[in-house]
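Here's a quick walk through this structure, one region at a time. Keep the model open and click along as you read.

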Amino acid sequence: MIAEVITDVSAHPVDRPFDYLVPQRMETVIERGARVKVPFGNRKVLGFVTGFKEQSDIPVNKLRPIDELLDLEPVLTGEMLDLADWMKRETLCFEIDALQVMLPSALRAKYEKVIHVLEPDRIGSEAAGIIGSRNAVALKEFPERLLPSLKRLSQEGAISIETGIRQRTSIKKERVLHIAGPENLADVREGIKKSAHRQAALIDWMLAHAGETIPTRDVMELTGTTRATVKALLEKGAAAETEVEVYRKPEVGLLDEAGGDPVMLTDEQADAVSRISRAADEGREETFLLHGITGSGKTEVYMQVIRRVLEQGKEAIVLVPEISLTPQITSRFKKRFGPLVAVMHSGLSAGEKYDEWRKVQRGEVKVVVGARSAVFAPFRNLGAVILDEEHESSYKQEDSPRYHARDVAIRRAEMHGCPVILGSATPSLESFARAHKGVYTLLTLSERAKQQPLPEVRIVDMREELKNGNRSMFSVDLAEAIRDRLGKGEQTVLFLNRRGYSSFVLCRDCGTAVQCPNCDISLTYHRASERLQCHYCGHEEPVPLICPECGSEHIRFFGTGTQKVQEELHRLFPEARVLRMDVDTTRQKGAHEKLLRQFGDGEADILLGTQMIAKGLDFPNITLVGVLSADTMLRLSDFRAAEKTFQLLTQVSGRAGRHEKEGQVYIQTYAPEHYAVELSKEQAFEPFYAIEMANRKRFSYPPFYYITLIRFSHEDLMTVADTAEKAVAWLAGKLGGDTVIIGPTASEVARVNNRYRYQCLIKYKKEPKLAGVLTDLVKIYRSSWMKEGLLMSIDMNPSSI
Ligand code: ADP
Ligand code: ZN
Ligand code: ZN
């Protein structure tokens, strides 16, 4: 039998399965989708079995056998293997990247030097003790002083040292004590010498727990005994010890969040639930766009659809954007569906992620709430896939495989025959256009679920403030409103759009900002480390005392936006209790949840934060929202700038007055007349959509045109410029007349990590030849340019350019 194996060798020019012989001992157990360890060149690598065949084009005596089968239960289902093929075609990635992205990192290979013991008798006792009964041991397990003798043993052929793969320790085990019955314990108690107080104390404790099974660690903690004491009693037969498998427990459900019981739906909600349920009942793929203003009860719709899906014995995936709402939304789902819910997001450790994944794989949970990659949750009987805040750009993966979770969701729904629900108060233009065309079914929630009015929104023209001599970042009106809330004991949320804000070191004499030596970009100041950092290559350096360009001492440091605001808040309202939520204050695990809980518990008057507070936040006492700088994003040269601004302002405003108390919103801006700012005031999505669509049409951008971005990089400027030029000329010769190719041009950040970057943009309406042409371009790249050190990447639907 011959297995086809996709090997974990990503940059290999040949992207197809390789043939391996299946050793006889594996024949009956090996399955498609299992991981194997195989020889590749002179290395051992991880691979995935994608198929079997009787005959190979390679002569049998040239075929090499599989070394090891790593999974008795395949980690990838047949559906996943098909999905990987599809992703490879759609995103032009390597197949191995498509396979790996579906699995928790704990199941991906980790390569390291390992020692294989060939002649056990010749190994010294210390090394033998480390090796034990294993036949392969990681080199790093040995203390350094043993390395010379290991090297000698390797030269003499007693061991071999090679780069191999090692599975990470994924399954967590815990020791448990099975405490003996009362009679046995009494016997042991009698035999204990008088002086052995500790053993006697432990036995007395055990007598109260006779016959129980308790984790050893708990026993030691509760009784204050040591491992030695436990061992002594084990030897005397007071208990037996075994290892059991345990799940690590991610912290969830910490927030006290309503949502345990289903509520009476509004008419609009009920209509949405019944139309989605019909598709679910009929087992039919249908994509719904659930367009509902903030607070209109979209989450309640999701939950009632899921209840229906569970009743059918099927499973559901709920995707939420990475940073924002995991704590609040997951606790809502946990409250409603209890232990049937698994959570997957980047805040979990690799082990925790693996545990959650395994619960899904074993069918122990029926609902997954998670970020982008949770779309690959290995359910076998999907009943619904939900994307909340479907417009979020974090659903698009920026590195290979450059997939969009929305596309994968729809693809999986086609395979399973189930509905997809895309929910948003501010749908992406692409999705709304598809709904208009009838590709998606539009469902609208036009009122807030609890009948609260939308918050009153005021736009404050900051140019007027300047004219009136107010140089503060707070307008007079906003400052007044904050003071009012402090007086009433109500809460304020202040939002600062960090993008576009200065946080670098600038020379007042010559005007230069301190640059990264490897990249064409300014360094960013990090308060936590008090150093300058490059966000592209990771370079770090101390803050200079004099300007590196002109030697002036007048270099001025601009703190990160939120820190500056916090200082000013303190100056204006010394009595206010302020919580800050940004990348700096949420780096630690669980910090996000903790800050939210503190705010929810009323431990602070003001929550100040960046993008991460824009969504999901839902507390009754928030009656004021202030947006400090509405238009920083409008200045970006991204064709989605207006869309992103509108989305963000709408989301942020939606945080106010969601419950009994009415809310007020102040949007401070230097561009009050911009339609994205003006229309966000009334959450006027449709008028915004009309204007923005006209602009997109005029400038030939999505959703009227598709775009594909190709990037090139190389250490040598001439090489990258030449190759990009060649590629564009080649493409122009192959593609039809309706296709526009813009570029090649140097990228906005023209050098990163000492590599020069070029790009070109392809715009097209319908280009049936494109997929084939790009596939051929990838072939040219892999067979020649790649070997010259050039990197090329193709992004079929970039979320920004
Ligand atoms: P969205 O996700 O659209 O922003 P949510 O689902 O969070 O809205 O609902 C907003 C608030 O309204 C929540 O507190 C929720 O519990 C409540 N809610 C939702 N549906 C109803 C309903 N039918 N009746 C009463 N309250 C509801
Ligand atoms: Zn200077
Ligand atoms: Zn850099």
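## Around ligand 1

Keep in mind that this is a predicted model. Start with ligand 1, which has 18 residues around it. Gly297, Lys298, Thr299, Glu300 and Ala449 are the closest of them. If you want one element to anchor your view, pick helix H10, residues 298-311, which supplies the largest share of the shell with three residues.

What kind of residues make up that shell around ligand 1: how many are nonpolar, polar and charged? The split is five nonpolar, nine polar and four charged.

## The N-terminal strands

Now scroll back to a sheet built from five strands. This sheet is open, its strands run in the order S2-S1-S4-S3-S5, and the pairing is antiparallel. Strand S2 (18-21) and strand S5 (68-69) sit at the edges with a single partner strand each, so one side of each has no neighbour in the sheet. As a general point, strands of a sheet pair through backbone hydrogen bonds, in either a parallel or an antiparallel fashion.

Strand S4 (residues 43-53) is a good one to follow. With strand S1 (residues 2-7), S4 shares six bridges, and the two run antiparallel; for a concrete pair, look at Glu4, whose bridge partner in S4 is Gly51. Strand S3 (residues 35-40) is also joined to S4 by six bridges, again antiparallel. Here Val38 has Val45 as its bridge partner, and Lys37 stands opposite Leu46. The hairpin of S3 and S4 leaves two residues between the strands, and Gly41 there takes a positive phi near 60 degrees.

## Two nonpolar cores

Next, the inside. The largest nonpolar core counts 112 residues, and Ile317, Val318 and Val368 have the most contacts inside it. H10 turns up again here: the largest share of this core, six residues, comes from that helix. In general, nonpolar side chains in soluble globular proteins tend to be buried together.

Which residues does Val368 touch, once those up to four places away in sequence are set aside? They are Ile317, Val318, Ala342, Met344, Val360, Ala374 and Ala377. There's also a second, separate core, this one of 44 residues, with Val493, Met581, Leu595 and Tyr666 among them.

## The four cysteines

Last stop: an unreviewed UniProt entry places the feature "binding site" at Cys507, Cys510, Cys547 and Cys550. These positions span 44 residues in sequence, yet no two of their C-alpha atoms are more than 8.6 Å apart, so the four gather at one spot.

Two of them are worth a closer look. Cys507 lies in strand S21 (residues 505-507), while Cys547 is in the loop between strand S24 (540-542) and strand S25 (555-557). Are they buried or exposed? Cys507 counts as buried because it has 21 C-beta neighbours inside 10 Å, and Cys547 is buried too, with 20 other C-beta atoms within 10 Å. Leaving out neighbours within four places in sequence, Cys507 is in contact with Thr512, Cys547, Glu549, Cys550, Ser552, His554 and Ile555. On the same terms, the contacts of Cys547 are Cys507, Asp509, Cys510, Thr512, Ser552 and Ile555.

Notes
Residues numbered from 1 in each chain as written. Chains lettered and ligands numbered in written order. Predicted model: local features only at pLDDT ≥ 70, side-chain atom pairs only at ≥ 80, totals over all residues. Near = placed C-beta within 6 Å. Helix = DSSP H or I, 4+ residues; strand = E, 2+ residues; numbered from the N terminus. Nonpolar A, V, L, I, M, F, W, Y, C, P; charged D, E, K, R; others polar. Pairing = 2+ DSSP bridges. Core = buried A, V, L, I, M, F, W, Y, C linked by C-beta atoms within 7 Å. Buried ≥ 20, exposed ≤ 12 C-beta atoms within 10 Å, placed from the backbone. Contact = placed C-beta atoms within 7 Å. UniProt positions renumbered as here; feature names shortened; annotations may be inferred.
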